[in-house]
There are 2 protein chains.
Amino acid sequence: MKQLKPTESELEILNILWQKGPSTVREVHEVLEKSKDAGYTTTLKLMQIMHEKGLLERNTDSKTHIYKASVSQKQTQGQILQRLIDTAFNGSASQLVMQALGNHKATKEELEQIKQYLEKMEGKKDQ
Amino acid sequence: MKQLKPTESELEILNILWQKGPSTVREVHEVLEKSKDAGYTTTLKLMQIMHEKGLLERNTDSKTHIYKASVSQKQTQGQILQRLIDTAFNGSASQLVMQALGNHKATKEELEQIKQYLEKMEGKKDQ
DNA sequence: AGTCTTGTACGAATTGTTTCGTAAACAAAC
DNA sequence: GTTTGTTTACGAAACAATTCGTACAAGACT
């Protein structure tokens, strides 16, 4: 499998497409604008490059092209985390997890959810 | 406080310095070499740039300079995670946590450690 | 002193990322 | 059918990150 490495800007776009599903450049751009200051053609160009790289697929049947992510959210997130764990967390996933929890004040419900998830994992390990 | 944003290569170097403490360029380079293919002067240049940016301090008393990280591990990790949560995890820290746990097959001990950490946090919340 | 080794400094080439101006295609509105 | 608006395409500029060649300094070793 290819090791595609989205840049920061590309990640923002991927994240939007993962949320919204297939979208036009304008739709993506309108979301992007809220958090970022860039022109329409900049977004367009980025998405064209992402298409060349294989990060996005597009349907060009109509004049207005429809783009969608061609990499899965799970897998991409996994790759990024793996790299981050290696480069900044000295290979320790649990260090990353605790740092994320500590800084971030999750709600009680979120914490509970994570705890259940942990128990499920421990259960699997014992079999 | 300034928002310093180490690049990927810079993070690798920071991570080494966080582990080893103050070190010479050669010491850092020798660790770096194991995981990466780059010449000595490349590492040197990187560390000089990091010094200019304020990411590293150095002692130039002797001919061979000694560098150390001037940003804290905790805070830097926190910033990076925050950015990552925003751009790739749609603002959800718990999504990141579960993804990290799921992909990464932590040891039983690590899982236990995280669970204890969670309980401690829940305890604090109730007060 | 002369050679060797190890180090820093500097500058430049290379590569990757981001940004946007401008032009051309196309359709809808007048 | 000409104007107006929306879209894609292309190219180049601006910026940032990475890499390394080369020169020079300093101490260590004959």
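The following exercises, with worked solutions, concern a predicted model of two protein chains and two DNA strands.

**Exercise 1. Symmetry of the two chains**

Determine how chain A and chain B are related, and which residue of chain A comes closest to the rotation axis.

Solution.
Step 1. Superpose the copies: chain A is brought onto chain B by a rotation of 179°, with a shift of 0.0 Å along the axis and an RMSD of 0.2 Å.
Step 2. Interpret the operation: the two copies are therefore related as by a two-fold rotation axis.
Step 3. Locate the axis in chain A: Val97(A) is the residue of this chain closest to the axis, with its C-alpha at 2.7 Å.
Step 4. Consider the interface: 100% of the interface residues of chain A are also interface residues in chain B, so the copies meet through the same surface.

**Exercise 2. Division of chain A**

State into which domains chain A is divided, and how far apart their C-alpha centres lie.

Solution.
Step 1. Domain 1 of chain A covers residues 8-69, and domain 2 covers residues 89-126.
Step 2. Between the C-alpha centres of domain 1 and domain 2 of chain A the distance is 32 Å.

**Exercise 3. The strand pair of chain B**

Describe how strand 1 and strand 2 of chain B are paired and joined.

Solution.
Step 1. Identify the partners: strand 1 of chain B comprises residues 56-59, and strand 2 of chain B comprises residues 66-69.
Step 2. Assign the sense: the two strands are antiparallel and pair over four bridges.
Step 3. Match a residue pair: Leu56(B) in strand 1 faces Ala69(B) in strand 2 of chain B.
Step 4. Trace the connection: a hairpin of six residues leads from strand 1 to strand 2 of chain B.

**Exercise 4. The surface near DNA strand D**

Establish which residues lie closest to DNA strand D, and which polar contacts they and others make.

Solution.
Step 1. Count the surroundings, taking a heavy atom within 4 Å as the criterion. DNA strand D is surrounded by 21 residues, of which the closest are Arg26(A), Tyr40(A), Lys63(A), Thr7(B) and Ser9(B).
Step 2. Sort these surroundings by class: five residues are nonpolar, nine polar and seven charged.
Step 3. Examine the DNA side: sugar or phosphate holds 56% of the atoms of DNA strand D within 4 Å of the protein, and bases hold the rest.
Step 4. List contacts to phosphate: a polar side-chain atom of Tyr40(A) is 2.7 Å from a phosphate oxygen of DNA strand D, and a side-chain N or O atom of Gln48(A) is 3.1 Å from a phosphate oxygen of this strand.
Step 5. Add a base contact: a polar side-chain atom of Lys63(A) is 2.7 Å from a base oxygen of DNA strand D.
Step 6. Assign the elements: helix 2 (25-35) and helix 3 (40-53) of chain A, with helix 3 (40-53) of chain B, each give two or more residues to this surface. Helix 3 of chain A provides the largest share, five residues.

**Exercise 5. The surface near DNA strand C**

Carry out the analysis for DNA strand C.

Solution.
Step 1. DNA strand C has 22 residues around it, the closest being Thr7(A), Ser9(A), Arg26(B), Tyr40(B) and Lys63(B).
Step 2. Of the atoms of DNA strand C within 4 Å of the protein, 58% belong to sugar and phosphate.
Step 3. By class, this surface has five nonpolar, nine polar and eight charged residues.
Step 4. Phosphate oxygens of DNA strand C lie 3.0 Å from a backbone N or O atom of Gly39(A) and 3.1 Å from a polar side-chain atom of Arg58(B).
Step 5. A base oxygen of DNA strand C lies 2.6 Å from a polar side-chain atom of Lys63(B).
Step 6. Helix 3 of chain A, helix 2 (25-35) of chain B and helix 3 of chain B each supply at least two residues of this surface.

Notes: Residues numbered from 1 in each chain as written. Chains lettered and ligands numbered in written order. Predicted model: local features only at pLDDT ≥ 70, side-chain atom pairs only at ≥ 80, totals over all residues. Heavy atoms only, no water. Pairing = 2+ DSSP bridges. Least-squares fit on C-alpha atoms with pLDDT ≥ 70 in both. Contact = heavy atoms within 4.5 Å. Polar contact = N/O pair within 3.5 Å; in protein donor to acceptor, adjacent residues only side chain to side chain. Nonpolar A, V, L, I, M, F, W, Y, C, P; charged D, E, K, R; others polar. Domains from an automatic or database assignment.
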